[in-house]
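Here are my notes on confidence and on the salt bridges. Please read them alongside the structure.

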Amino acid sequence: MAKDSIVPLTDYPPTSARKSLSPSQLATLYQTISSCLVDVLSLPPPKRDTDASRSFVASYAQDAAVQNLQPLIWGNLPDLSKSELAIRQRVLALAEKLVRSSPGFELQTLLDLSIIYSSSRPSQMKHVIQTALQTTPSILDTIKWELVPAFTLLLGESTGLYGVRKSAYCILAFLKVATPDIIRAFGSKEFLVSLARCYDHVMTAVAQSYGGPPSVQDAGNRQLDDWERIWIETKVDLLDAFHIILSQLLLDMSSASGQVLGVRAERTFDVIFAVLEISGGSPNSNTPFLDRSLLADYQQSYDLSKTLASALKHAKEKDVRLDLLESSLKAFEEGFSERKDPGVLKLIIKSSGFPLGIDNLGRGASVKGKGKASTPVPELPLDSDIDLKVSQVLDIFPDHSPGYISALLSHPSYPFRGNAEKVIEALLEGTAPIEEDVRLVPSQEDIRPIERRNVFDNEHIDVSKLHVGKKIDDAAILRDRTFIEQMKADILRRAEAISDDEDETSANGDRGIVAFDEEADLERVKVGGDGEESGEDEDEDEEDIAPQPLAPETILELAYIRDPKLFDRDAATKRSKARADLRSQTKWTDEQIEGWRIMLERNPKKDKILQKHEFSGNKPLTPGPEPGSSREGAAGGRGRGGARGRGRGRGGRGGSGGDSEARDRAWKNKNKSTLRKRGHAKKMAKGAPPPT
């Protein structure tokens, strides 16, 4: 058939029309559509990129999206025939070509295509979305002002379990293949708050309508109900959608700096605190993914506090809100038995072998045993020509898998790379390698020389200093006396310095031994109770020990104990003098002070935090006497000398009774050992041998 006589595509037959056909008629219909798609793909762009082709892709996407959503409720996806699989692959190849030319596709068609291909061909579908935004930039505004508000309403309304399940799947499917700009559009505060409210409240209400949340106590002794499976999978999809959006917000924040970082951090914190306000202060139970809040389950799965701190590593100052958020997130971890506890996900782990969405890193079932593990065919790069050639080969050899034919056409190790005719010839002659060999043969690009690297690669090494075995010679160290001479010189220098100090001290001490120096004693003696010098010394001591400033959190806790109404959000409280004093003391704004109160009241350790301020120690009515800071306190007696100090005699203010001879004897007896040690040290210093 000539290319000019190719019949243009018409709308794809709906499901209701196909049900009226017999199996043989239905098989003929699928083969005809598949062949027609091959012909259209081979046309030049002016004849291929028509309104009829776009209408066919839109009608097929709408019908296939509905068929993909039905198994979410009623069971597994139906097995598609080879002709249906070929149609699905060729429709995506045609969509990749049509989206390059204007007017592209409508947003509804892109959403339907993402529902179909987000799980099977995510990279190709993401390429379609990127090309659509380049061809029709207005799609981004449509997503922001129409699609996101529509999903926000669907999550907030009571659409029943089936409606919430389909909405969550559609949101997650579109986010999986969305560009960063589209994900940022979904990162609005209204949408994330609606998603959190659906996860926390709507899903709980749905479970109550079915008799209560699923029970994990007897998970191994009963069959999982259909509604329980749908309910758990819906929560997993909601959590995964929240993870994709929040990861993009944190990625934007970690890649920014300066003023841009402040703007993005403000947006991210605003969203997280709004979700935290919806989620509540602490989890309702110790079972993850059952009736915990969205942030509690997210903290257990992805450790939000650590990720948020890592995203703010470029910030010049630590944000105060990060500490408040970390305290709330740590409160969620108190009831965790272990970090990766699957919780209610045990039910679907038991039924399907692995949990859907969260930590699902595998693509197929693992086979245990000693046999050789099969290596999956690597995902091919985006090349619509390869898909077209695969379709040509599969038309002749429909029994072979598309991955096997794609590997033959794209692998650089085979002579028929990129040539469909040579692949067909090799398959007819039986010279083509088998599928297992294709999986095991690495490409030339993957075969690279092994390069050993470590942390010392960039370090400069002096080869002349390298040696094998021991290099330290103990005898050489003993012969080296340079450090010994230096040590002797240091010892003598320190001894001379001590001798000079002792000479000065002994001179002053001799003067005190010969006679009682009344003026010197008066300078050293402090008379207690005279009301003059003692008061000045006390003031100096008080000035030396300055009180440490209180932390802002301590000031707020004391203020909260005095008057909790000081933290109200009304305008009168914000204009009050007490609030102004609180702002000046803590250097915080009204929003931070009010946010601190919200976080304190939600903190399960609130009582313990406030109890530490209930008893601050006994405070004496009058200050007690100073410990002996002068010689008079030590030389005084038990007399009633004054108000603070006590004299030696029984009369007088300073204890001046007694003769000078008794005082001199007492002083000598007290300092006898000190004087003897000083004299001995002085003699030893003068009699030391000279340095060698």
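1. In residues 350–383, pLDDT (the predictor's confidence in each residue, from 0 to 100) stays under 50. The model has 40 contacts beyond four places in sequence for this stretch, a contact being heavy atoms within 4.5 Å. Residues 510–545 also stay under 50, with 35 such contacts.

2. This is a predicted model, in which local features need pLDDT of at least 70, side-chain atom pairs count only at pLDDT 80 or more, and totals for chains, interfaces and linings use all residues. Residues are numbered from 1 along each chain as its sequence is written, and side-chain values use heavy atoms, with hydrogens and water left out.

3. The protein chain has an average pLDDT of 75, and 69% of its residues score at least 70. By element, the mean is lowest in helix α32 (residues 631–635), at 40, and highest in helix α7 (residues 107–117), at 94. Helices are DSSP runs of H or I, at least four residues, numbered from the N terminus.

4. The whole structure holds 17 salt bridges, each a side-chain nitrogen of Lys or Arg within 4 Å of a carboxyl oxygen of Asp or Glu. One of them pairs D568 with R597, with the closest N and O atoms 2.7 Å apart. D568 sits in the loop between α27 (552–562) and α28 (571–574), and R597 in helix α30 (residues 590–602), 29 residues apart.

5. R597 also bridges to E601, at 2.8 Å between the closest N and O atoms. These two are four residues apart in helix α30, so about one helical turn separates them.

6. R579 and D590 form a salt bridge at 3.1 Å, N to O. R579 belongs to helix α29 (residues 577–586) and D590 to helix α30, so the pair ties together parts 11 residues apart in sequence. R579 is buried (under 20% relative accessible area, 1.4 Å probe, protein chains only; exposed is over 50%, partly exposed in between), at 0%.
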